[in-house]
Amino acid sequence: MPRILIVEDEDIIRSAVRKLLLHAGYDVEDAGSVEEAELNHDPDQFDLIISDLRLPGAAGTELINRAPNTPVLIMTSYASLRSAVDSMKMGAVEYIAKPFDHDEMLAAVESILARTESPTQERRESGSNPSENGDPASIMYGKCEPMQRVFTLIRKVAPTETTVLVQGESGTGKELVARALHLSSPRAAKPLISVNCAAIPESLIESELFGHEKGAFTGAVSARTGLIEAADAGSLFLDEIGELPAEAQARLLRVLQEGEIRKVGSTQSRKVNVRMIAATHRNLKAMTRTGEFREDLYYRLNVMQIRIPPLRERQSDILGLARRFLVAQGDRVGKPNLNLSPEAMRALERHRWPGNVRELENAIERASILCDGDIITPSLLDLDGEGGDEYIPETLVEGNNEQLRSRETDSASDLSLEDYFQHFVLENQDRMSETELAQKLGISRKSLWERRQRLGIPRKKTSGN
């Protein structure tokens, strides 16, 4: 049984990861700091260390030096991706961005244990085949015919160097496809770097992807390695690639054509060997006709296309997915005997699932928490509640925009969250950038973008954005 050490100073996160790994069959110990880990354990006697990047005392990356024979998986917030890249340069085998879902964590752990040899790793001698851990059927769930076709495509294209474009609606599991492609490829021992292009401010995206030299722009106090360079010899997953601004598209095209990157502020290029996996829920072909997406880049990306079906086209998978989420969530909240009532099952099958698998997982999580007994009923799933009963809290919008405050005061009793969002965006998008809109609404740029798509509010392409 593989031994794993968790080093995390936040009790809630440490406890959640510990329970998750114990349930998955691992032998788990934990500590709140590097110093505590060394005091109570011998870090080099574990098969894997999972550590937060920022800890009281020594940083989590210090464990790379103090346990040189043990692979280290670094946990970090998305805002600290640059630090995560630096930690991989220091010797971390992989990073995982918070907040992460449980399947993502388990897949990362399985991948690391499969590709590293540790003195105490018992399953190395059990005859298990490490390549099986990258099989899409072990990473994603899908018994229906459309998903079986997806699995077949992944198995065929993964061993190649072909660029892949993954298409699917939000919440269908595009990142899981990227992980399956990477883990089934000859690059599995190298990093998979995942980037959501919609979640990074447009002013920073070139620096994040390609890196920058010291003094390249205001605030660039030192040179930085970009995420593409960090993925050298591995795979790069660019989620929501349709959100890339024009200049970044041109730079990315050069990476695909020439295998070269040039840091922001640099005159020198360097070669990189990266397998590119891109994903989007948008129609990139249509975007090339409107000039929003480069046609030459589209054809470079669209060598092999994998389409993930929405959940409404996977009718036979709905209850199977729900049961998997129910078991996992039941373990997390200490309710191992949770079951769905027949009426709840019918409600799940009738629902259209606009948010796809992610919406289903959220519904099960919510119902598991609210359930007082062992049976989940339709009312606990709350599938008819699409947010129309949610109202704007008085403190949602920060700042001193009097027009917004008066609207909030006058209409809070009858204005739903979606109505408020739509009114606010339409009234302010001509004078605010996407980042400013998101900040005023108190949400991320990715959430802003996803709500635009759901409500059919096109994004204004102005110089201010």
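**Entry 1: helix H11 and its cover**

I looked up what lies over the buried residues of H11 in this predicted model, and the cover includes helix H9 (205–210), helix H10 (227–230) and helix H13 (295–301). Strands also contribute to the cover of H11, among them S8 (235–239), S9 (260–261) and S11 (275–280). I then listed the buried positions of H11 itself: Ala248, Gln249, Arg251, Leu252, Leu253, Val255 and Leu256. The list of buried residues thus holds Gln249 and Arg251 alongside leucines.

I checked the length of H11 against expectation. At 1.5 Å a residue, its 13 residues should span 18 Å, and the end C-alpha atoms are 18 Å apart, so the two values agree. After H11 comes Gly259, for which I noted a positive phi, near 65°.

**Entry 2: nonpolar cores**

Which residues have the most contacts inside the largest nonpolar core? I found Ile228, Leu236, Leu238, Ile241 and Leu252 in a core of 49 residues. Helix H11 (residues 246–258) gives this core its largest share, five residues.

I followed Leu236 further. Leaving aside residues up to four places away in sequence, Leu236 touches Ile193, Val195, Leu227, Ile228, Ala231, Val274, Arg275, Met276 and Ile277. I also recorded a second, separate core of 24 residues, which includes Tyr141, Ile318, Ala363 and Leu381.

**Entry 3: salt bridges**

I found 22 salt bridges in the structure. Side chains of opposite charge can pair when their charged atoms come close. I examined three pairs and one network.

The side chains of Lys271 and Glu260 form a salt bridge, with 3.6 Å from N to O. This pair links distant parts of the chain, eleven residues apart: Lys271 lies in strand S10 (residues 270–271) and Glu260 in strand S9. Is each partner buried or exposed? Lys271 has 52% relative accessibility and therefore counts as exposed, since the cut-off is over 50%. Glu260 has a relative accessible area of 18%, so I entered Glu260 as buried, the limit being under 20%.

Arg282 pairs with Glu292, and the closest N and O atoms are 3.6 Å apart. Here too the pair links distant parts of the chain: Arg282 is in the loop between S11 and helix H12 (284–290), and Glu292 is in the loop between H12 and H13, ten residues apart. Arg282 has a relative accessible area of 19% and is buried, whereas Glu292, at 27%, is partly exposed.

Arg294 and Asp296 meet through their side chains in a salt bridge of 2.9 Å, N to O. I noted Arg294 as partly exposed, at 32% relative accessibility, and Asp296 as partly exposed, at 33%.

Which residues make up the network I examined? Salt bridges link Asp11, Arg14, Arg18 and Asp30 in it.

**Entry 4: a nonpolar surface patch**

I turned last to the surface. Val333, Ile369 and Leu370 form a nonpolar patch there, and together they have about 240 Å² of accessible area. I located Val333 in helix H14 (residues 318–333). At 30% relative accessibility, I entered Val333 as partly exposed.

Note on methods
Residues numbered from 1 in each chain as written. Predicted model: local features only at pLDDT ≥ 70, side-chain atom pairs only at ≥ 80, totals over all residues. Heavy atoms only, no water. Core = buried A, V, L, I, M, F, W, Y, C linked by side-chain atoms within 4.5 Å. Buried < 20%, exposed > 50% of the residue type's maximum accessible area, 1.4 Å probe, protein only. Helix = DSSP H or I, 4+ residues; strand = E, 2+ residues; numbered from the N terminus. Contact = heavy atoms within 4.5 Å. Expected span 1.5 Å × (residues − 1). Salt bridge = Lys/Arg side-chain N within 4 Å of Asp/Glu carboxyl O. Patch = residues over 30% accessible without salt bridge, like charges linked within 9 Å, V, L, I, M, F, W, Y side chains within 5 Å. Areas by Shrake-Rupley, 256 points an atom, 1.4 Å probe, with all protein chains shown as cover.
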